[in-house]
Structure formats: C-alpha cells, structure tokens
Amino acid sequence: MTLDEIRTRARTERELLEHSDRPRIFIGAATCGRAAGALGVLEALEAALAQNNIESIITQVGCIGLCYAEPLISIVKPGRPHIYYGNLTPEFASQLINDYIVNDNPRPDLALGSVGEQSIEGIPQFWELPMLKPQVRIALRNCGLIDPGNIDHYIANDGYSGLVKTLEMTPEEVIEEIKKSGLRGRGGAGFPTGLKWEFCRKSPGEVKYVICNADEGDPGAFMDRSLLEGDPHSVLEGMLIGAYAMGATEGYIYIRAEYPLAIERLKSALRQMADYGLVGDNILGSNFSFHIKIKQGAGAFVCGEETALMASIEGKRGMPRSRPPFPAQAGLWGKPTNINNVETWSNVSAILGRSAKWYASYGTEKSKGTKTFSLAGKVNRTGLIEVPMGIPLEEIVYGIGGGIPNNKQFKAVQTGGPSGGCLPANRLNLPVDYESLAEAGSIMGSGAMVIMDEDTCIVDVARYFLSFTQSESCGKCVMCRLGTKQMLEILENICNGKGKPEDIDLLLKLSEAVKAGSLCGLGQTSPNPVLTTIRYFRDEYEEHIKRHHCRAAVCKGLVTAPCSHTCPAGVDVPRYIRFIARGKPAEAVAVIREKIPFPAVCGLVCFHPCEAKCRRGQLDDPLAIRALKRFAAEHDSGLWKQRLKRAPLTGKRVAIVGSGPAGLTTAYYLAKLGHSVTVFEALPEPGGMMRVGIPDYRLPKDILKAEIEEIESLGVEIKTNIRVDSTEGLFKQGYNAIFLGTGAHQGIELGVDGEDSPRVKDCVSFLREVSLGQKVDVRDKVAIIGGGNAAIDSSRTALRLRAREVTILYRRTRGEMPASPEEIEEALAEGVQIHFLVTPSRITSQDNKLSLECIRMKLGTMDASGRRRPEPIEGSEFSLDFDTIIPAIGQRPEIPERFKLTTSRGNTLQVDPYSLATEREGIFAGGDAVTGPASVIEAIAAGRQAAISIDKYLGGSGAIDEILAPPEKAATFLEEAEEKWRPRMPALPVAQRLDNFTQVELGYDEEKAIEEAERCLRCDLEE
C-alpha cells in the first residue's frame, strides 16, 4: 500500500472508532501515569467493565502533561464528549464505570474537563483549564491523544506528511525551510538548526550520520522521555527529514537505559515503520535510504555533550574532545555528523508538515516557536508543558503552574537543569528565551524548570546541583575535575557552619576559572547555580557564614530542630515541649526563659514562625507551639528563679530609650550581667507597642505588667513620661552606652485627598488611645484600610467600641494578607467584612459623613517580594460611606534629628546587622526602630543581640545564656508517628465578646496541652 492508502485506511478506522456504539476509555500510561498507579486503575476499569458485561475500547496513551492529576483517564460515551478525570484510584475508577457508563452520572465532582461540542453542566472545557489554555502544543501535539504504539494513529493525524513533502523538495530547499522557521536546537545551546544542517550538508563525504540525543539526564527533566513515550513517530519522522536534507544514510538514537518504556516504544515504532516502508532502503519508493539504530547509554550525564555521546556510541569512554573539528566536519567514526535532541526532531516534522512561516509566527524575533518544559518542585500544577518562546516566567509559575502550594512565598526558579541558574522573584517578569535567560545568568538548557519556595535553602540548592555536576564530570579537564571539587567543599563547609567570610569571593573566582578552563558545556556551565545564587541571594550566604543561620532551616550542619532554628530568639522548643508532655510546665517555662523574658506575652501574641517550619506539618498539622508556650507560662511556679544568676555590679551605666520588647529585653540581660540600667519611656506606662498596640482581648494588661515587674525586680529602673530627644544629654549624665528601642509609633498616611479629616485616624493613634483608656467614638460605620495585624486589631477593637458595621479594605487577596490567619478567622467570625482587591483613591466629607472613593484592583506583574502587583481596573471606581476611617497600612519610627543618626527607608535607623551598632560610638539600636514594624519575638531577638554587643562594648564577654531548667530525662527519637491533628483552641463565644475586651482565646487545659505536646516529632534528637 502507498502512504496515501495507509492514511485513508487509518482515518477510516479512526472515524469508525469515533462513532462506535461502545464506550471508549483513554488512560495515561506513560511513566508518570504508571508511577502514580495507572496500571492499577486500568485493572480496576477492566474488572468493573467485565462485571457489568460492558464491551468497551481501552486505549493506552502517553502523558498529556497534567502530571499533578495522574492517574488520568478520559471516557467517551457514544455521542458524548470526552470527559477527563484525574487523581484516580482503583476504587474511584470502578465507581466511575457504575456512575457514568452504567447510570449516566458524569460525576462533575471528579471531572477535570470535557472536550467536544456538547457541554456538561458543572464540567469546564478541558483545553480551557489554566494549565492548558496558554499552551501551544507543537512538539507535544499528539502526546496523550493517540496510541503511541499504533503507527496508524500517528498517520491519521497527518503523520509523515512532512516526510512526503520533503521527498518532493531538494535537500537545499528543506534546509532553507528549517532556516526560515527560526528553529534553534532545543538541547540547550540554542544553535540555529538550519545552519547546523547546512554545515553537515556541505561537508564532503559519502557517509554521514544523524543522531537523536535522548540522553536526558537533568534532575527534574522528563520532556524527552514523555515525548518518546507518547509520540515516537514525530521524532523519527523529523530524523528522516533531517537525514534527507543532509545526505545521511544512517542514524542513531542515543537513549539512556533508564528509559525502558521509551525504548520499547521506539523499537515498536521502528518495526512498524519498516513494515510500511518508512525506514530502510528506498523509503516510500524514492532513492532515499535511511537506517536507524538504538544505542542505550549507561546514564553518564556528560554523554549529553555531543562529542562524548559519539565516543560512547563508538564504544569508547564518554569524554568530550576539543573542537574543531566540529561534528559536522568529523563526527561519528570521523564522518560528518549532525546531532539534535528529541524535541528538535519533533519540531522538524511539524514544520515540514505545516510551514516555516506558521512555526515562526510563535515566539520572539530571535527565539522562534515553542519550548517544552518539565515543571517540577514547589508548584501546585506539576507537569509537562509547551509554551511559546518569550512567555514570562511569572505566567509559567503562577498561570500555568498555579503558584506555590500552601500559599508559601516563591523564592526562585531554576531553569536549565543542574547547570542552570536560580532566578529570584524580581526576575519573574523575564521572558523565557535564550538571550534573556543568558543575560540573567541562567540558560535554557533542555527545559527542566524547578520551582522553589521559602522552605528551600538557596545555599543548599547550589551545593546539591554542584554535587551532581561534580560527580558527573568525566575528569578530563583539571579545572572541572578539581575546581568543582574545591567549590563543593566550600559549599559543604558553609552548609555545615564552617564557612569563612572570604569563601564567597573565593567561590566567585573559582567559578570563573572553571568556566574558562573547561572543555565542554558541563564544566563551562556547572558554576551557574553558584554564580546566580550568590548574585541574587548573597545575604543568605552571609547568614550561613556570619550567623550560622539557615533561614529555610534545612542545613543539617546548622539546624537541629527547625522550630528552634527558626525562632528569632532561638528558644529550645522541643525541650520545653517534652517537659509539658511529662506534665512539668514549670520546667517548660524555665526552658523558655533561658532565651526570652516574655514567655506569657509570646504565648499570646507571637506570630509563631516556628510553626511554619514544624516538620509535623508535613504529616498533619504543625504543632501548636505558641499555645503550648502559653500553657507553660500560665503554670509558672517560679522554678526558673532558683537557677537565675546575676553578676556583680560592674559600675557601668546603660540608658535604654523605649520600653518595648527590644528595650526591655536588652535591659533584662544587661542587668543580669551587672550593669546599671535605666529605661526611658515617653508613654505613661511601660511596654511600648505591647502595651498600646495590642488590644486587651489578645494581651491582657495584667499579664504584660507581671512580666515587666520581673524585669524591674533585677534592678532595672523604668522612667515613664520622659521623651528623649538627644543622646548627648544621656552621655553627659554618665551613661556609658545607649540603646535606642523607640519602636514605630507613627502611622503612615494613605496619600489621598481628604485624609486630613478629623474622622480619619491612623491605626497607631487609635489603638494607643483605646489602650490608655481614652474615650474614642467611632460611631456606626468604620472602614479599616490595610491587611496586617494592626488592621485586624483595629477592626476588632472598633466592634468592641460598639461600631455597628466594620469593613476592611485590602488591595491584595486574602492569601497575601500579612495578618495571622487565626486573627483573620476571628475577625470574620465576629462580623468584620473584608473587601479584597480594593484601594482608596479619595476621601470627601459631607453632612458629618465620610465618602470613601475606591477603585477595584487586579493582580498584575510580580514585584521584588514575589507577589503580584495590584493594578487598578479602569472604570471600576465606586464609593462607600463611613463615619470613621482608620488607615492601617504601616508604621514608621520617629527619630529625633538631635540623635544625629543616619536613617534609611521608612525613617529606620541604620545599624550594623550583626552588632546593632550605629555609626556613633556607644549607641546601639534595634527592634522596630531599625526594621520597621515587625513582631514581638523579632524585637526580643534584637534585644538579646543588643545586650551581647553592649556588654562586649563595656568590656564584658557578651555571655547572656544560662540554663534555668533542671536536666531532663533521657529522651528517644520518635521513629514513627500516626496522623493526629492539633486540638482546636477553645475561645470565648462571639456573643460574649463584642461589648468588652475580655481575652478571646481561653487556652488549653492540662489534658489538651499534654496531648498536643506528645505529637512533637523530637527533631532535635535526630543524628
């Protein structure tokens, strides 16, 4: 039969299938589907069909790309559209047969989408799904849609029409068509494919070779594997076209042996091609002959390099050689050779099947067409995608990939595999093309794209990828062999807390030397992860070296327990939780007091970053660490005082300006070290923002007062109603050092017309006046502008002042609100309304009412923080009427000019980040005055550091740590844990809250506290 006759028959069979009176089921049975359990689903489908005596047609197809939804099937009932179902189990598969095929219930609750002219209520269009809609599938055009083991399916979809067209052209015309398409090699380097072919075509020699590089070795990459498993003929047709154009008669597919299913598909495809006269001698009756062999590689990463790959085919050790001569001149066995990767060949068959002009209509001026990527890592929708060149990284990560799981913050994306670069949030607007990625320090590579979130240590990432390339180095080049080894040793030292400040610059120098001194692309690009992580995340390297701190809490050499490591003050969380589990809360609070003087305050208001890193959260719920701290503090018997030590008086005097958590913590530790400490506070009562910024329903005054009295009992003198405007006067009074912990007591203006109205009051002033017992009348309708804890506190306070209606307006989405999730939930439960994606533009006053003019927002491009910028929607303006408006968009410190200190953005003081010393000798600063509005625990941590630095400045050792708790009994690591969720925090009923400031959270009783403490995995005991 001729190819036309074969195509006619294949299309007729397809038409018969599409109009069959039997249901058809397509199941994704590529490696990803099988790994997720597709074969078990297949068995369950067959059993359910047999049980119901249903004759059906089941077709195994390749990966359609939605790996996050595997196992995935599509069901087509006669006269009905395709319905795709994802994340199936054998049980659900059996249920679908009964529900849909037998009882005609399409189960919209399980469906992903439908394909066809008919629509089904409750089921969206499959190709309109967010992951699929932006894609342009050229290389992947048949993957997941046809049976890859049946050549007729490929031919029915116009397969081999490009070859037929090619045989009617001259080789030069074929090459010119490829050049016009703008296709560049998809293996990583991006060299123009047509030009590469032309070099090989013009090289003299009767024997030439064409090779398909299927040695996909990048961690996280699976594009080539999926393409060969799902549509091998598109690749083989491309090789035939290339061989004809270049005059080659023999070809090789070099594929790693770890791809058994892809190899099986290729072997089957070649047998079927031979049966149809599509490979071998005189293809399709022409004078063109081409033979293809499969060569299985042993998995050496370096064999992805062209010359090393050819050496491997020849039976030699896979090592690169110097060029020239280039493979197009002297390649396999010294003959002219062309090598392209799997995706490139699939694009070739599409270009000749359609046209160069069609292909070049996609992409950018210099990067034409589309590119496949494997989307892996910390992203909601992992899978295989194909997008036009030039698409922004942001659209891939957040549009197609669906963003970061669990609303975690995006950190970086690595493109180009282990030799690629790690690009931060402020590069998410970067277009994905060869030139843009190279300019940013990364590469296109074969297409692996790994997404990282806030729980990823960037230094550890660089170490991991360098360890991969270092171990895969063939060792031929000295700089690649030894340079990468030395770089890896430096990175391992940094991750183990043994790094030195000069290591960063040494890494940069070694990186450049390795790039310059390496023969092949492996060595030349292996430093990219190091170079880009230092370029974009140098501060994390410095944290590892100078502070021995890994902000992601993953470097084992630095981290014992992630919770303790993440706590800004370093509280030994697992130790005090074990005391609680043993029914010893007094011992537990002693452990807490080893690091902080405010256990009760932190037990009530800490924003608990420790819980975000709790490994228990990977199983069920993170431990309720803050609630357990509160329980311990509530059962404090004073046991910790038995071991408390106070050094003899030193005769040194320290003045502390501000009695917030930073100032009082500094005072506490300096007093224990024997220094005389005086705290000056401008407010009538001590406590700073703890006292006047946190409402009583969260932090009762008597609890704060009790912990401040413990600090005073050490001899700390607190003078209230004294405003310090000059540091010179303090030095003249005989103080030897000064700490500035003035906090951030100024609200930030909205910057809109009309906010000077007397009915507009910033949140700081509002909360302060209420806390100090001043009369505040908010009337009936109150608007709060902002999304942080201050906004939530203001809204809940307004309700307690008898406001009838309280509305929060926030310019971003709920997932981006900086307020604690539990506080948001409580506000909603109490009746606060929240309008998201809204921002004010003007305030007008009329008849003792305020009209707040607003505009609706949409999320646009990414900002430097990794969040999408809110952008106004034209024509969406609207107005709301209120009695009172409270802006809560931020706070800033008030730094008197007479301090004569340098300030930076937000009017914050500039200090050395490690010593907290200002540029003026003897003056230190910390807390909100340096960082801007932060948290109590962060301010406490600053106070600890300030005490260490000031004591050293005054001639001491800076040793502030001591053991206050008795030794604990030997504990063992918990090897296995059953799923068990944290108990719900008891709370005051809403009906009993809104006319008073009674504490809302009631705390755990002893039984619940012990039960929760026993869930701890005891990470600190791991070896």
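Select Phe290 to begin: in this predicted model, Phe290 is buried, with a relative accessible area of 0%. Add Phe288, which at 8% relative accessibility also counts as buried, the cut-off for that class being under 20%. Display both rings. Their centres are 6.3 Å apart and their planes meet at 15 degrees, so Phe288 and Phe290 form a stacked pair; planes under 30 degrees apart fall into that class.

For an edge-to-face arrangement, move to Trp358 and Tyr362, an aromatic pair with 6.3 Å from centre to centre and 90 degrees between the planes. Trp358, at 18% relative accessibility, counts as buried, whereas Tyr362, at 26%, counts as partly exposed. A pair of aromatic rings is described by the distance of the centres and the angle of the planes. A search of the whole structure finds 19 aromatic pairs. Select Tyr84, Phe126 and Trp127 as well: ring pairs link these three residues into a cluster.

Next, colour the strands β10 to β14. They belong to an open sheet of five strands with mixed pairing, in the order β11-β10-β14-β12-β13. At the edges are β11 (383-388) and β13 (421-424), each of which pairs on one side only. From one strand to the next, the twist averages 30 degrees. Within this sheet, select β10 (residues 370-377) and β14 (residues 448-453): the two run parallel and are joined by four bridges. Leu375 is a useful marker, since it stands opposite Met449 in β14. Now add helix α17 (residues 458-472), which lies across β12 (410-415), β13 and β14 and runs at about 15 degrees to β12.

Continue to a pair of helices, α18 (residues 478-495) and α21 (residues 528-547). They pack at an angle of about 40 degrees, and their axes are 11 Å apart. To view the contact, show the side chains of Met487, Leu491, Ile494 and Cys495 in α18, together with Val530, Tyr541, His544 and Ile545 in α21. By class, this contact of α18 with α21 comprises seven nonpolar residues, one polar residue and no charged residues.

Select Ser771 next, which is found in helix α32 (residues 763-771). At 8% relative accessibility, Ser771 counts as buried. Which residues does Ser771 touch, leaving aside those up to four places away in sequence? They are Arg691, Val692, Ile694 and Lys701.

The final stop is strand β20 (residues 781-785). Four of its five residues are buried, so β20 is largely enclosed by the rest of the structure. Two pairings of β20 can be displayed in turn. With β21 (residues 805-810), β20 pairs in the parallel sense over five bridges, and Val782 has Val806 of β21 as its bridge partner. With β27 (residues 884-887), the pairing is likewise parallel, over four bridges; here the bridge partner of Ala783 is Ile885. In a regular strand the side chains alternate between the two faces of the sheet. Finally, add helix α33 (residues 789-800) to the selection of β20 and β21: together, β20, α33 and β21 make a right-handed β-α-β unit.

Definitions and conventions: Residues are numbered from 1 along each chain as its sequence is written. This is a predicted model: local features need pLDDT of at least 70, side-chain atom pairs count only at pLDDT 80 or more; totals for chains, interfaces and linings use all residues. Side-chain values use heavy atoms; hydrogens and water are left out. Buried means under 20% relative accessible area, exposed over 50%, partly exposed in between (1.4 Å probe, protein chains only). Two strands pair if DSSP finds at least two bridges between them. A crossover is right-handed if, with the strands pointing away from the viewer, the path from the first strand over the helix to the second runs clockwise. Axes are lines fitted to C-alpha atoms, for helices over the stretch in contact, and angles run from 0 to 180 degrees between N-to-C directions. Contact means heavy atoms within 4.5 Å. Ala, Val, Leu, Ile, Met, Phe, Trp, Tyr, Cys and Pro count as nonpolar, Asp, Glu, Lys and Arg as charged, and the others, Gly among them, as polar. Rings of Phe, Tyr and Trp (its six-membered ring) pair if their centres lie within 6.5 Å; planes under 30 degrees apart count as stacked, over 60 as edge-to-face and the rest as tilted.
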